Amino acid sequence: MNLEKSKKLFTKAQKYIPGGVNSPVRAFRGTGITPPFITRANGSRVYDEDGNEYIDFVNSWGPMILGHNHPKIREALNKQLELGTSYGAPTGLEVEMARLITEIVPSVEMIRMVNSGTEATMSALRLARAYTKRGKIVKFAGNYHGHHVIENTTVANYNDIEGIKSIFRESGEQIAAVIIEPVAGNMGVVPAKQAFLDKLREITQKYGSLLIFDEVMTGFRVSLGGAQSLYNIKPELTCFGKIIGGGLPVGAYGGKREIMEMIAPLGPVYQAGTLSGNPLAMTAGLTALNILKQNPGIYYQLEQKAKRLQEGLGANINRIGSMMSVFFSDEPVFDYDSAKKCNTKMYAGYCKSMLEKGIYLPPSQFEAFFISYAHTDEDIDLFIRNCHG
Ligand SMILES: Cc1ncc(COP(=O)(O)O)c(C=O)c1O
């Protein structure tokens, strides 16, 4: 495979950008692959500087649930472009975005738009501390909530009911919040067990700690209402990102009115953003969410496509809806320790050989594959054939 132009760009990039990339996983480290530098994307495909075409199972790490360059999103963006790109003032687009999310996700009574998932979780944690007047946060090993440092944290084992009980027995009264990916996607895809999330809901309520669902990845992905609708659990706060931006930079956090009303200018928790609620991002996100809401069959079809891929690959796979992971391990993966047992070298080799065959996979065992509505059965079958061939 010819990656000459990408190689040259990567060398140049490393002079000016740490590691040559603006987000570490894009460097394809440890895979022996030069990251293809992408020039365009359409439907299920991405194209690189050297003219290589790939079937994309990264999908910008989740946002592109409808596939790349969706005509309706493009059209809406073109219209908005005529009207300007940022005002730093309130818009009707933001109101509609907030209304729509609160309609689809009932636990969210009020919502604040930010610019990334990192910002969403950081702000939600600050809010939780202010609301509860407590300092401690519980998070889970193998979960990712963005690159900010979460201080005063206890790290618990995912899917471990006894572990969480013991943490609350010891310091429950000091715990402001438990933050969790209800379906983890950052140690590979690892769904929480229903009984585990039920216990977490029960115990946080008992101790007056907030439950924060980080649905940056799962929101509008695993079902229209996200993981909380699949598991039928109402967290106090939820963080969003990815899909709600329709491919543009975005994040949001929302939840119970009484808690959200602590945010400035209503309350003492100061949180602001020059580009928050950006009209282009709102336009792309609203268009995507409206398409998803008005066509519930999309989720059924995503399930069928993803199931076809899972059955065709026939490996050690965890999957919830259209997010899945192929684990290079003989054992089930249900927490971070079991995820770490995977053979990451073998995964890297697999990723490399697939890329050479035109299948673009996440270059890390611990990232999810995303299936989009633009993937055809032929795309899926081509992946399966290449994998077995
Ligand atoms: C569950 C989860 N939370 C938070 C983030 C951070 O979002 P962002 O990369 O937009 O800052 C991510 C990013 O992948 C994520 O998967």
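The chain of this predicted model contains 13 helices and 16 strands. Its radius of gyration is 21 Å, close to the 21 Å that the globule rule gives for 389 residues, so the chain is as compact as a globular protein of that length. Along the principal axes, the C-alpha atoms occupy a box of roughly 55 × 55 × 45 Å.

The domain assignment divides the chain into two parts. Domain 1 is made up of two segments, 4-57 and 296-388, while domain 2 covers 71-294. Taken over C-alpha atoms, the centres of domain 1 and domain 2 are 25 Å apart.

It is worth looking next at how the two domains meet. On the side of domain 1, 21 residues are in contact with domain 2, which in turn contributes 26 residues. The size of an interface is often expressed as the accessible area lost when the parts come together. Here, domain 1 and domain 2 bury about 1900 Å² between them, and 65% of this area lies on carbon and sulfur atoms. Within domain 1, the residues that lose the most area to domain 2 are Tyr299, Ile320 and Met323, which together account for 34% of what that side buries.

Turning to polar interactions, the rule finds zero salt bridges across the interface of domain 1 and domain 2, whereas seven residue pairs across that interface are in polar contact, with both residues at pLDDT 80 or more. Four elements each give two or more residues to the side of domain 1 that touches domain 2: helices H10 (297-313) and H11 (336-340), together with strands S13 (317-320) and S14 (323-326). Of these, S14 gives the most, with three residues. Sorted by class, the side of domain 1 that touches domain 2 comprises 15 nonpolar, four polar and two charged residues.

Salt bridges do occur elsewhere, and the structure as a whole holds 16 of them. Side chains of opposite charge can pair when their charged atoms come close. One such pair in this model is formed by the side chains of aspartate 379 and arginine 45, with an N to O distance of 2.5 Å. This salt bridge links distant parts of the chain, since aspartate 379 belongs to helix H13 (residues 377-388) and arginine 45 to strand S2 (residues 45-48), with 334 residues separating the two positions. Both partners fall within domain 1, whose segments are 4-57 and 296-388.

Note on methods: Residues are numbered from 1 along each chain as its sequence is written. This is a predicted model: local features need pLDDT of at least 70, side-chain atom pairs count only at pLDDT 80 or more; totals for chains, interfaces and linings use all residues. Side-chain values use heavy atoms; hydrogens and water are left out. Domain bounds come from an automatic or database domain assignment. Contact means heavy atoms within 4.5 Å. Buried area is the accessible area (1.4 Å probe) that two parts lose on being put together, summed over both. A salt bridge is a side-chain nitrogen of Lys or Arg within 4 Å of a carboxyl oxygen of Asp or Glu. A polar contact is a pair of N or O atoms within 3.5 Å; within protein, one must be able to donate a hydrogen and the other to accept it, and residues adjacent in sequence count only if both atoms are side-chain atoms. Ala, Val, Leu, Ile, Met, Phe, Trp, Tyr, Cys and Pro count as nonpolar, Asp, Glu, Lys and Arg as charged, and the others, Gly among them, as polar. The radius of gyration is taken over C-alpha atoms; the globule rule is 2.2 Å times the number of residues to the power 0.38.
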